[in-house]
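Ready to work through a structure with pencil and paper? Try each task yourself before you read the solution below it.

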Amino acid sequence: MSALTYEDVISKYEPVLGLEVHVELNTNSKMFCGCSTIFGAEPNTQTCPVCLALPGALPVVNEKAIESTILIGLALNCSIAPFSRFARKNYFYPDMPKNFQISQYDEPICVNGYVDVEIDTDEGPKSFRIEIERVHMEEDTGKSLHVGGSTGRIHGADYSLLDYNRAGIPLVEIVTKIVPGTGKYAPEVAKAYVAELRDILRALGVSDVKMEQGSLRCDANVSLRLIGSDVLGTRSETKNVNSLRSVERAVRGEMIRHAERLNKGEKVVQETRHFQEDTGLTRSGRSKEQAEDYRYFPEPDLVPVAPDAQWIEKLRASLPERPSLRRKRLQEQWSVPDKEMAAMINADVLNLVEETVLLGSDPTKARSWWLGEISRLANEKDVTISELAISAKDVAEIVSLVAQGELTDKLARGVVEGVIAGEGTPAQVIASRGIKVVNDDGALMAAIEKVCSEQSETAEKVRNGHVPAAGALIGAVMKETKGQADAARVRELLLGHLGQAAN
Amino acid sequence: MSSLSRDDVANLARLARIEMTDQELENLTTEFGVILNAVARVQEVATTDVAATSHPLALTNIFRTDVVIPSLTPEEALSGAPASEDQRFRVPQILGEEA
Amino acid sequence: MIKNSAAEMAQSLASGTITSVALTQAHLDRIAEVDGKVHAFLHVDTQGALKQAADVDAARARGEKLGPLAGVPLALKDVLVQKDVPTTCGSKILEGWRPPYDSTVVSKLKGAGVVILGKTNMDEFAMGSSTENSAYGPTHNPWDLTRIPGGSGGGSSAALAAFEAPLAIGTDTGGSIRQPAAVTGTVGVKPTYGGVSRYGLVAFSSSLDQAGPCARTVLDTALLHEVIAGHDPKDSTSINAPVPQVVAAAKSGDVKGMKIGVVKELNGDGYQAGVRQRFEESLELLAQAGAEIVEVSAPNFEYALAAYYLIAPSECSSNLARFDAMRYGLRVGDTDGASAESVMNMTREVGFGREVKRRILLGTYALSSGYYDAYYGSAQKVRTLITQDFNNAFAKCDVMVSPTCPTTAFKIGEKANDPLAMYLNDIATIPVNMAGIGGMSLPCGVASEDGLPVGFQIMSPVMQDQRMYSVGAALEAALLSKWGAPLLSQAPSLGGAA
């Protein structure tokens with residue numbers, strides 16, 4: 001459909017990125033009231049006068065949310081402002097009960113940080129520095145369900161139903177400075193940045209960082225300028241980018257869309273666009289007749305946040321290992337080749353592998369299970385690995401059973417499949433499916449004798465020294481034992497039975 | 001010195017989500033001329049060397065601990081709702097950006 | 001009995017000469033008798049009040065330890081939420097709304113056994129100085145039913161002056177407790193900002209609003225002050241410090257050696273002659289009681305009114321955004337195919353009165369991009385200058401004083417079409433709110449030219465509220481011995497035929 005290729009775009013234009021990431025913190029209670037934040041509760045069961053904006057109600061700041069925000073700032077190499085304030089962002093929208101959002105405006109809590117991300121380029125791994133402009137606190141909105149019409153979407157709906165359970169959940173917004181200089185790697189850099197942020201936030205333990213549940217959301221600003229120009233182009237802001245892959249697709253798609261317009265001599269419109277997972281394209285938001293004027297002013301119901309140095313240093317001392325350093329450390333400890341390491345990161349299994357190793361598994365075995373069979377099953381089901389019902393503990397148990405000779409690799413694959421199918425722990429799957437290695441030599445010998453008498457001609461060939469012919473017999477024995485035998489043991493016993501040394 | 005046109009006032013009404021009648025807009029345009037002249041006096045003494053006071057108290061760092069306290073029941077939450085359905089607030093169709 | 005002070009009623013209750021049920025019923029009877037003329041109440045909670053009174057009587061019979069005002073009735077300004085009791089803020093947009101929670105002030109009142117008779121009339125969302133802006137019709141001044149009772153809390157003050165209640169709660173954003181007290185011959189106190197929780201007080205201007213006690217005597221006001229004051233973790237702007245000892249101050253009424261600063265800028269042109277005369281006489285009485293009268297200057301007070309009419313509308317434009325027909329209150333125009341946006345627009349047009357709409361638009365303008373610095377930003381700077389004026393003056397005196405209002409009560413309708421003239425009523429009360437300090441108004445006589453009450457304002461530094469009570473009690477005692485009877489004994493009885 002698009003006449004322009006990505007190569008055409010990057011040969012003429014330089015992309016400039018700007019990324020805004022919203023993170024829902026995993027505090028027990030909301031940002032300004034004591035309502036629970038548990039995901040998926042019955043509608044309007046987690047609301048109170050404060051988060052419903054009943055007349056007279058007042059907000060009080062959740063201390064844990066402040067600490068989490070400062071931790072994020074520190075992890076992103078930001079300065080923590082000695083004095084910061086909340087401000088009201090005024091606009092009307094039914095999912096926002098007060099019709100203003102408590103946010104931060106000109107006095108955010110964290111400023112001027114950076115994150116380094118590494119991606120593979122044609123010249124090998126290369127590091128890009130993403131500068132962070134600010135990290136600030138705000139609150140989430142409620143959720144609307146659009147009823148009527150055909151699409152379930154907002155347009156064409158007859159009316160909407162509002163659930164305010166999410167209203168007031170603490171959000172942290174992380175805003176980058178403009179990111180020039182990524183050239184053709186812009187989509188990969190954007191994706192790597194969001195992935196790095198996600199890893200950092202997960203290591204900090206401040207958020208569930210589940211993009212599919214909306215606890216991590218990315219808005220991607222993209223503009224193009226002619227290569228060599230230092231004038232910024234008009235940007236579009238793409239919202240609703242809810243997976244790492246979508247970040248990459250959205251940036252690439254917008255670059256192509258902008259270039260097509262620019263090549264035709266048309267202007268890029270400064271607007272909000274919505275990313276559509278199915279097509280990978282963006283759709284224009286309903287353009288407003290006039291620009292919104294948010295009329296920010298200091299929130300008079302709250303007092304300023306002024307963290308002292310002691311508090312900040314205490315939080316700094318509690319920072320976990322930086323994910324990029326941790327990756328380097330694990331790669332060395334496990335002696336993983338670069339390519340395999342990249343595959344683990346790409347498949348997002350590093351944490352699971354580490355957890356499995358910490359439970360006693362051999363790193364190579366742990367890695368090959370997560371990256372091999374389990375990844376394959378995830379692909380087959382078209383879900384992410386973390387969505388599969390198998391834990392590091394399960395895998396560690398399976399690795400251990402294989403090592404003890406209780407399972408063959410083949411049987412173990414069946415156990416993995418059973419666990420993922422929801423049949424329980426590996427032990428439960430083994431019990432219920434009746435899986436066990438036949439390591440009773442007597443039973444094996446009976447099967448071997450049976451096979452050799454049925455296929456006496458082949459057996460004779462082997463007896464006469466034509467060892468490769470044994471393969472067919474081994475296969476038949478395995479079939480006879482329903483695959484539960486250890487093939488190596490079968491071979492050993494068979495060759496002995498036919499007067500050939502096993503080797 | 002300060003004055004607003006009728007269109008300016010209409011734009012303010014739009015921002016404030018109030019559907020004003022023509023007569024109201026006329027009246028307010030006149031009144032704002034007078035009121036703004038009076039309130040603009042603040043600019044006489046609000047020089048750059050004066051700090052702004054947004055709040056009478058010089059408090060900082062007032063927090064609550066991250067503890068869950070019981071919410072309203074959904075019946076209480078919805079008790080004032082002009083319309084509700086399936087334990088949710090029912091509102092007319094929302095025009096505007098998809099959230 | 002209903003003309004007694006709350007302290008006297010409390011004593012009768014404690015000694016068992018009367019029950020709370022009887023006392024409450026007497027006030028309900030009085031309301032039934034006179035409120036048709038005064039219109040102080042928007043809602044009388046007969047059943048709730050009698051139930052509360054019966055509970056207090058029962059607790060007393062069981063020998064439980066009760067607070068000093070247990071069993072005494074009170075009128076609550078309709079801007080404070082009380083669970084399951086209609087709360088309208090004098091606005092159509094909240095008609096019929098019953099809050100599912102109690103404000104902290106109401107919780108404290110209930111905890112202290114104070115009997116809540118009902119909700120009193122007010123200017124819509126507390127915006128006004130006459131109670132004429134109530135969507136439910138004006139309240140009439142018991143001294144002269146053709147005149148305003150002040151505002152925004154005209155209902156609370158009128159209820160006191162008409163002996164419909166011995167105690168009342170008001171809220172004061174620019175003078176809404178003190179100005180009604182002044183024009184009705186009652187006492188009203190705006191405590192230090194943060195002294196009384198704002199949780200459950202429907203916000204007009206968050207950085208200025210403060211709930212406070214109203215009564216007919218300084219001691220009653222102090223007793224109520226101690227019931228409602230104190231730190232509240234639900235209000236981030238609540239002061240976490242011991243409540244000033246206002247009852248002790250009101251009981252001693254000792255001003256010997258105190259320096260009383262007369263604000264030069266709040267006692268000149270524009271002040272009614274009768275008001276100035278009563279004010280000057282009061283200063284003499286205080287001097288005779290042992291206080292030293294000094295003059296202090298507050299040159300920036302002249303900008304307070306302008307700054308106020310930027311800050312309060314700005315904050316209210318945001319605070320009142322929640323009244324949008326989605327979750328509670330009025331909904332207009334929800335016909336087939338109507339959008340949420342049009343329903344919001346129509347509901348706010350129909351549900352808000354003229355003054356509220358005027359201020360919302362003014363505030364929207366003052367905060368809008370390109371005008372913020374010139375208006376809201378400049379007003380905040382004026383706020384700094386006013387606070388500095390207070391600090392400089394308080395370096396030279398213990399309290400500052402002025403007439404509460406430039407004039408006595410004006411006629412209903414007289415200033416309805418001149419917002420600026422109306423705003424001028426608050427010229428002496430607004431500086432107190434800008435700086436967040438305490439302020440009291442108590443009656444100091446009637447103006448000779450019209451026979452209407454005059455208020456005397458006392459201002460005390462942050463969390464030094466006891467000082468204004470000392471001075472107020474001293475002045476009240478001196479005036480009482482001069483008059484021989486409380487000022488309100490001069491007011492019309494209102495009883496019998498209209």
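The exercises below go through a predicted model, one topic at a time.

**Exercise 1. Find out how confident the model is, overall and for chain C.**

Step 1: Start with the scores for the whole model, which are ipTM 0.97 and pTM 0.89.

Step 2: Now turn to chain C, where the mean pLDDT is 97. In that chain, 99% of the residues reach 70 or more.

**Exercise 2. Work out whether the radius of gyration of chain C agrees with that of a compact globule.**

Step 1: Get a feel for the chain by listing its parts: chain C has 16 helices and eleven strands.

Step 2: Lay the C-alpha trace of chain C along its principal axes, and it spans about 70 × 55 × 45 Å.

Step 3: Take the 498 residues of chain C and ask what a compact globule would give: a radius of gyration near 23 Å. Chain C has 21 Å, so the two agree.

Step 4: Look inside as well. Buried residues account for 68% of chain C. Of the contacts in chain C with a separation of 6 or more, 77% link residues 24 or more positions apart.

**Exercise 3. Do the same for chain B and compare its radius of gyration with the globule value.**

Step 1: Count the elements: four helices and three strands in chain B. Reading along the sequence, you meet them in the pattern α-α-α-β-α-β-β.

Step 2: The C-alpha trace of chain B spans about 55 × 45 × 25 Å along its principal axes.

Step 3: For 99 residues, a compact globule would come out near 13 Å, but the radius of gyration of chain B is 22 Å.

Step 4: Check burial too: 34% of the 99 residues in chain B are buried.

**Exercise 4. Describe the contact between chain C and chain B.**

Step 1: Count both sides. Chain C brings 55 residues to the contact, and chain B brings 43 residues.

Step 2: See which elements of chain C give two or more residues to its side. They are helix H10 (304-319), helix H11 (340-351), helix H12 (354-367), helix H13 (373-394) and helix H14 (419-423).

Step 3: Which helix gives the most to this side of chain C? It's H13(C), with eleven residues.

Step 4: Sort the side of chain C that touches chain B by class, and you get 28 nonpolar, 16 polar and eleven charged residues.

**Exercise 5. Now describe the contact between chain A and chain B.**

Step 1: Here 47 residues of chain A are in contact with 34 residues of chain B.

Step 2: Several elements of chain A each supply at least two residues of its side: strand S2 (61-62), helix H2 (63-75), strand S8 (143-147), strand S9 (159-163) and strand S13 (272-275).

Step 3: S9(A) gives the most to the side of chain A that touches chain B, with five residues.

Step 4: By class, this side of chain A holds 22 nonpolar, 16 polar and nine charged residues.

**Exercise 6. Trace the sheet that takes strands from chain A and chain B.**

Step 1: Begin within chain A. S8(A) and S9(A) pair in the antiparallel sense, over five bridges. One pair to look for is A:Lys143, whose bridge partner in S9(A) is A:Asp163.

Step 2: Cross to chain B. S9(A) is joined by four bridges to strand S3 (residues 88-92) of chain B, and these two strands run antiparallel. Find A:Leu162 and you'll see B:Phe89 in S3(B) standing opposite.

Step 3: Write out the order of this open sheet of four strands: S8(A)-S9(A)-S3(B)-S2(B), with antiparallel pairing.

Step 4: Why is one side of each edge strand left without a neighbour in the sheet? S8 of chain A and strand S2 (84-85) of chain B each have a single partner strand, so one side of each stays free of a neighbour there.

**Exercise 7. Decide whether C:Val85 is buried, partly exposed or exposed.**

Step 1: Locate C:Val85 in the loop between strand S2 (73-77) and helix H4 (104-111) of chain C.

Step 2: Count its C-beta neighbours inside 10 Å. There are 18, so C:Val85 counts as partly exposed.

Step 3: List its contacts, leaving aside neighbours within four places in sequence: C:His43, C:Asp45, C:Gly48, C:Arg98 and C:Lys119.

Step 4: Take one of these, C:Lys119. C:Val85 and C:Lys119 are 34 residues apart in sequence and 8.5 Å apart in space, C-alpha to C-alpha.

Terms used. Residues numbered from 1 in each chain as written. Chains lettered and ligands numbered in written order. Predicted model: local features only at pLDDT ≥ 70, side-chain atom pairs only at ≥ 80, totals over all residues. Contact = placed C-beta atoms within 7 Å. Nonpolar A, V, L, I, M, F, W, Y, C, P; charged D, E, K, R; others polar. pLDDT = per-residue confidence, 0-100. Pairing = 2+ DSSP bridges. Rg over C-alpha atoms; globule rule 2.2 N^0.38 Å. Buried ≥ 20, exposed ≤ 12 C-beta atoms within 10 Å, placed from the backbone.
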